[in-house]
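Morning, everyone. Please have a look at the structure on the screen, and I'll walk you through a few parts of it.

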Amino acid sequence: MTRRQAQVSSIIDGRAVPGGTTATSTNPSELDEVIAEVSFGDAATFVAAAGSAKKSQPGWAAIPAPVRGRAIAQIGRAVEHNKEALARLVTAEIGKPYAEALGEVQEIIDTCDFFLGEGRRLYGQTVPSEMGDKQLFTFRRPVGSAAVITAGNFPVAVPSWYIVPALLAGNTIVWKPAEYSPAASAAFHEIFVAGGGLPDGVFNIVHAGGPDTFAGLEQSLDQGLIDKIGFTGSSAVGREVGGLAGRHLQTACLELGGKNPMVVTPAADLDLAVEGALFAGFGTAGQRCTSLGTVIVHELVHDDFLSRFNATVAAASVGDPTQAVVMGPLMDAKFAQRYEEFLGLLQPHHRVQAEQGRITADNPRRGFVGEPAAGLFYHPVVVDGVRPGDQIFDEETFGPLVGVTSYRDFTEAIELANAPGYGLSSAIYTNDAREAFAFRDQISAGMVSVNNSTSGAEAHLPFGGNGKSGNGSRQSGIWVLDQFTHWQSVNWDYSGRLQKAQMDTAEL
Ligand code: UN1
C-alpha cells in the first residue's frame, strides 16, 4: 500500500480512468497539508463502471463460493498487514483519532474473518415436497452488480460491510466513496484488489461528486447495469436513493442518520453513564451515525449526571488525532460549516454548559493538543434543556454536541427517546433489569445497548435502523446476505409425469 497517494482516480475494469475535474483532499488537522489530488469522473464514468461490473459478474459468480471465500481470507490478511498504514491514512484524511482509526481497520478484518468461512457455508435447504418422486431445494443466488455509495466518517469499515459479503456471494461492485476521503478509499481498493487477486472489473471504484453519481446511477439502473444499491449517508439523500431504487423495482440497503438517545435512570451507575456518553457523544467528533444525540435523564439524577458529565467533557483531551485524544477535528470543511449552522440554532432556553464553536487563540481550550488554528477543531458542547420541537433535539447534529433533557416517568422517557423519528441506535443505563427489558421492548431502534454506548457495534451483529434511519435493511453478520442474494427455489420432479401442486398432493 502506498503511504499517501498523491494522485487518485477512478479505476474501471482494472484501468485508471482520469476524469474531467480535479480536487484536493486535505488534512482536517492541518488544512494546508494536501493528502491527495483526486480526479473526478462524471455520470458517464459511473455508467462505464456499472457496465464493467455487469460484464464481469457471471465470471465472478462462476468461481466456487469456497474459492471466493479464500479471496476474502487473503483480503483480510492483506488489510491486517497494512493495518497501521491504513489507520494512519484515515487519521490524516478525516481526522479520526488514531486509536479509533485502528479500530475501524480492525472492523474490516473482523468482517473478512466472519465471511471467509461463509464461502463454505452459503447454505440452501432441501425441503420436503407434498408430492412423491419430487425434491425441492433452495439456493442463494447473487443479486448481480451492486452500486455501493458510502460516507467519509467510516471511510473503510462501513464500505467493507457491503463489499465483503457482496463479493463473497458472487456479486460485482461499483463503489463511490465520499468525495473527502479519496486517499483512504483508494488505499482500501488497492489492498482489496491486490490482496484478493480480484479479476479486473469485479471491484470498480468511481470518484465523483454527488449529483454526477446520482445521474450515473439513474442511467445505470435504466440500462439494467445495476441490480442492487447499498447506501450509507444522510436520511435526506437516502430518501432519494430509496426512491430511485423503488422506481426500478429494487430495494436499496439503506443505512442513514440517527438521533440516538441514551436514557439514564435513577438505577444507573452514573459514572459509567458519563463514560458512555463521552465516547458516544464525542468519539469521531460526534460524526458517527451511531453518535449520541440526547441524554434523557431522570429528574432525580439530572443535576448529578450533568455536573459529572460537564466535568468529564471539560477535561477531555481535544486536538491532534495522531495523539491519544478523545476528539480530533471535524472531518471536512463542508461538515464544519453545517455544524456551525447547527450551533446557530441554539435558543435562549438552551443552557449551553461550556465554550462552543471553533477552537482558536481567541476561543481557546485548556489542554488542547497541537495547533488549533491549523485545523477544523471545535469545542465539545453539552446543551441542557433541549426538547421536542427544537431542531437540536429533533435532527441529527453530526458534530460534537450532546443534548440533555430530563424526564419524570418511564413512559415520558420512552416518548422522548422515540420522538425524533429516527431509529438506529439507543442506550439505557440502569441496573434494574425490568427497566432494561421495558426499554428494549418499547424503543423504536434497530440497536439497543444496556449499560453501554450507542456507538461501537460489533461487526457480526445486524446493523441498521428503522424510521428516518433506514428501511429496515440490515448489514453485518449473516443477515446482510439477504441483501446481496436472492433465494431461488428449485422443484425437481423425477416421477415421469406432470404432478400438479395442490391437485396431486399425496393422500394420508
Ligand atoms: C457509521 O457511523 O456509519 O457502531 C457506522 C459504530 C461503528 C459503525 C458506525 N461500528 O459506531
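**Around the ligand**

Let's start with the ligand. Around it sit Glu 107, Asn 153, Phe 154, Val 158, Thr 232, Arg 288, Cys 289, Thr 290, Ser 455, Gly 456 and Ala 457. Keep in mind that this is a predicted model. How does that shell divide into nonpolar, polar and charged residues? Four are nonpolar, five are polar and two are charged.

Next, a helix pair. Helix 2 covers residues 65-81, and helix 4 covers residues 98-116. Helix packing comes down to two descriptors: the angle between the axes and the distance between them. Here the axes come within 8 Å. They cross at roughly 160°. An angle over 145 degrees counts as roughly antiparallel, and helix 2 and helix 4 are therefore roughly antiparallel to each other. Their crossing is left-handed.

Which residues meet there? From helix 2, we have Gly 69, Ile 72, Ala 73, Ile 75, Gly 76, Val 79 and Glu 80. From helix 4, the partners are Val 105, Ile 108, Ile 109, Cys 112, Asp 113, Phe 115 and Leu 116. By class, the contact of helix 2 with helix 4 has ten nonpolar, two polar and two charged residues.

Now the sheets. As a reminder, strands in a sheet pair through backbone hydrogen bonds, parallel or antiparallel.

One sheet is open and has three strands, in the order 1-5-4, with mixed pairing. Strand 1 (7-8) and strand 4 (21-27) are the edges. Each has a single partner strand, so one side of each lacks a neighbour in the sheet. Strand 5 covers residues 30-40 and runs antiparallel to strand 4, with seven bridges joining the two. If you want a landmark, find Thr 26: it stands opposite Val 34 in strand 5.

What packs on this sheet? Helix 6, residues 182-196. Helix 6 touches strand 1, strand 4 and strand 5. Its direction makes about 55° with that of strand 5.

Then there is a sheet of seven strands, also open. The order is 15-16-17-14-13-18-19, and the pairing is mixed. Which strands stand at the edges? Strand 15 (351-352) and strand 19 (447-450). Each of these has a single partner strand, so one side of each is left without a neighbour in the sheet.

Strand 19 pairs with strand 18, residues 425-429. That pairing is parallel, over four bridges. Within it, Ser 425 stands opposite Met 447 in strand 19.

That's my tour. Over to you.

Note on methods:
Residues numbered from 1 in each chain as written. Predicted model: local features only at pLDDT ≥ 70, side-chain atom pairs only at ≥ 80, totals over all residues. Near = placed C-beta within 6 Å. Nonpolar A, V, L, I, M, F, W, Y, C, P; charged D, E, K, R; others polar. Pairing = 2+ DSSP bridges. Contact = placed C-beta atoms within 7 Å. Axes fitted to C-alpha atoms, helices over the stretch in contact; angles between N-to-C directions. Parallel < 35°, antiparallel > 145°, perpendicular 65-115°, else oblique. Left-handed = near helix turned anticlockwise from the far one by under 90°.
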